[in-house]
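Reader: I am a first-year student and should be grateful for a close look at a single part of this structure. Would you please take one helix and explain which of its residues are buried and which are exposed, and then place it in its surroundings?

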Amino acid sequence: MENRLSKSDVPILIKNVSFIVTPKAMIEDCDIYIEGVEIKSISHNIEPSLPSRVIDGRGKIVIPGLVNTHHHLYQTLTRNIPLIQNKGLFEWLNVLYNIWQGLNPEAIYTSALVGFAELLLTGCTTTSDHLYVFPPGISDDFIDEEVRAAAKMGIRFHPLRGSMSRGRSEGGLPPDNLVESEDSIIKESERIISKFHNPNRLSMCRVGLAPCSPFSVTERLLKDTLLLARDKGVRCHTHLAETIDEENYCKKIYGMRPVEYMEKLGWLGEDISFAHCVWLNDEEIKLLSETETGVVHCPTSNLRLGSGIASIDEMLKAEVRIGLGVDGSASNDSSDMLGELRQASLLHNNIPTKKIFEMATSAGAAILGRDDIGTIEPGKAADLVLIDLRKIGYAGAMRDPLSAIVLCGDSHIVDTTIVNGVVVVEDGKLVNIDEEKLFEEANRISRELLKKAKIGCLSD
Ligand SMILES: [Zn+2]
């Protein structure tokens with residue numbers, strides 16, 4: 001996916017913006033000029049050098065596009081399943097593995113469209129995705145399908161080639177028929193990197209590698225994946241220290257705690273991030289800080305599965321690098337990015353909203369190894385989100401407009417989303433897809449998946 005595929009032909013002038021959130025300050029009553037894929041200037045009364053599309057910024061706040069650093073897009077088709085509504089991670093996974101065996105390329109493509117749609121509508125312009133389920137014989141093009149969906153929707157995308165190689169007969173959690181051979185995982189990872197990874201500045205697609213978790217892959221795969229990633233210059237990610245069950249599993253199988261295990265395998269560093277990190281002790285927090293290892297906080301998922309509450313305040317004090325993730329829709333039931341900021345703010349009431357906002361913008365970008373997105377500055381990617389503040393839900397909240405869009409309001413659907421200089425959400429509607437048709441298609445495929453797994457729906 002090259003930049004040229006979504007390059008804007010016409011420059012954009014966002015005129016008379018009421019509030020612009022920049023790294024140093026909130027700028028009032030100002031213009032933003034976008035030329036090509038970059039922010040060109042932020043100033044008063046800009047006279048564009050080229051004929052431009054003008055967007056009215058009056059009454060609106062412009063924020064940098066939000067960055068989502070943990071997701072499982074395929075789960076958008078298997079959310080809100082009553083049977084597992086109140087289960088913990090391991091029980092929840094065991095039911096879902098059975099359903100996910102039925103995934104096919106059509107389901108992957110459609111689920112990705114749904115996830116991207118929700119993200120773009122709620123202010124997210126860059127997302128990673130951790131896809132780790134590859135049913136044998138049908139899954140060769142799964143990542144290809146996701147990349148195709150990202151290009152259609154116009155979102156900046158970091159697909160993570162996930163993996164599971166330790167089945168039940170080897171002491172792992174996933175069923176044996178859902179794990180892959182380690183040789184084919186490495187081969188596929190190499191293929192995906194060479195086909196889709198674009199390391200250039202303002203790239204629309206960067207690949208990473210992401211074995212699923214300590215209880216679903218072997219030590220050898222973790223080591224080989226890291227070797228390959230460092231050889232190819234891509235980043236690594238996995239789930240870690242999510243639940244007490246995982247901690248007990250690691251102690252029983254490996255004789256150590258999850259972070260200790262990763263340290264033993266060399267899995268720490270600036271190019272690595274862990275989703276969750278709920279069950280950390282003080283020494284582990286210090287270790288993540290010293291090694292600059294990233295953490296992705298997923299508050300809704302942690303609450304939904306009863307996994308626990310991550311010590312984000314302690315991690316911030318220790319200067320751990322932290323991003324924010326909606327996590328898969330099977331454990332969030334939503335890909336509402338602005339909603340995730342609200343959730344994080346409510347869960348950690350001692351952390352200022354500005355800090356939470358940083359986690360979902362510049363800090364999240366850094367977790368993905370990027371300094372070209374996440375802030376509004378000339379030369380940065382033209383990834384911008386406009387939110388109309390002239391709504392009843394924001395009335396009386398204008399002393400702090402940034403906190404208002406996180407804490408107040410009655411909807412998280414934004415007014416305009418611009419990615420790479422292209423408008424992809426306009427007047428709160430997706431530009432590149434028919435939302436109603438996508439809704440119907442997603443429901444049809446979701447029903448088929450549940451039927452295959454012999455799980456009934458109310459609509460059957
Ligand atoms: Zn996850």
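Author: The account below begins with one helix and then turns to its surroundings. Please bear in mind that the model is a predicted one.

The helix chosen is H4, which runs over residues 182-196. Its length can be checked by simple reasoning: at 1.5 Å a residue, its 15 residues should span 21 Å, and the C-alpha atoms at its ends are indeed 21 Å apart, so the two values agree.

The buried residues of H4 are Ile-185, Ser-189, Ile-192, Ile-193 and Phe-196. Because these residues cover an arc of only 100° around the axis, they are on the same side of H4. On the other side of the helix, Asp-183, Lys-187, Ser-194 and Lys-195 are exposed.

What do the buried residues of H4 pack against? Their partners are two helices, H3 (142-153) and H5 (219-232), together with the strands S8 (156-163) and S9 (208-211).

Helix H3 leads to a further residue of interest, since Met-153 lies in that helix. Met-153 has 23 C-beta neighbours inside 10 Å and therefore counts as buried; the cut-off is 20 or more. Leaving aside neighbours within four places in sequence, Met-153 is in contact with Leu-113, Phe-116, Ala-117, Leu-120, Val-424, Asn-432 and Ile-433. One of these partners, Leu-120, in turn touches Met-153, Ile-155, Thr-417, Val-424, Val-425 and Leu-430, not counting residues up to four places away in sequence.

Met-153 also belongs to the largest nonpolar core, which has 139 residues. The residues with the most contacts inside this core are Ile-32, Val-62, Phe-116, Leu-120 and Met-153. Helix H2 (residues 105-121) gives the core its largest share, namely eleven residues. At least three residues of the core come from each of domain 1 (3-63 + 380-427) and domain 2 (66-367).

It remains to consider how these two domains meet. Their C-alpha centres lie 30 Å apart, and 22 residues of domain 1 are in contact with 23 residues of domain 2. On the side of domain 1 that touches domain 2, the elements giving two or more residues are helix H14 (401-407), strand S15 (416-419) and strand S16 (422-426). The largest share of that side, five residues, comes from H14. By class, the side comprises 15 nonpolar, six polar and one charged residues.

Definitions and conventions: Residues numbered from 1 in each chain as written. Predicted model: local features only at pLDDT ≥ 70, side-chain atom pairs only at ≥ 80, totals over all residues. Domains from an automatic or database assignment. Contact = placed C-beta atoms within 7 Å. Helix = DSSP H or I, 4+ residues; strand = E, 2+ residues; numbered from the N terminus. Nonpolar A, V, L, I, M, F, W, Y, C, P; charged D, E, K, R; others polar. Core = buried A, V, L, I, M, F, W, Y, C linked by C-beta atoms within 7 Å. Buried ≥ 20, exposed ≤ 12 C-beta atoms within 10 Å, placed from the backbone. Expected span 1.5 Å × (residues − 1). Arc of directions from axis to C-beta.
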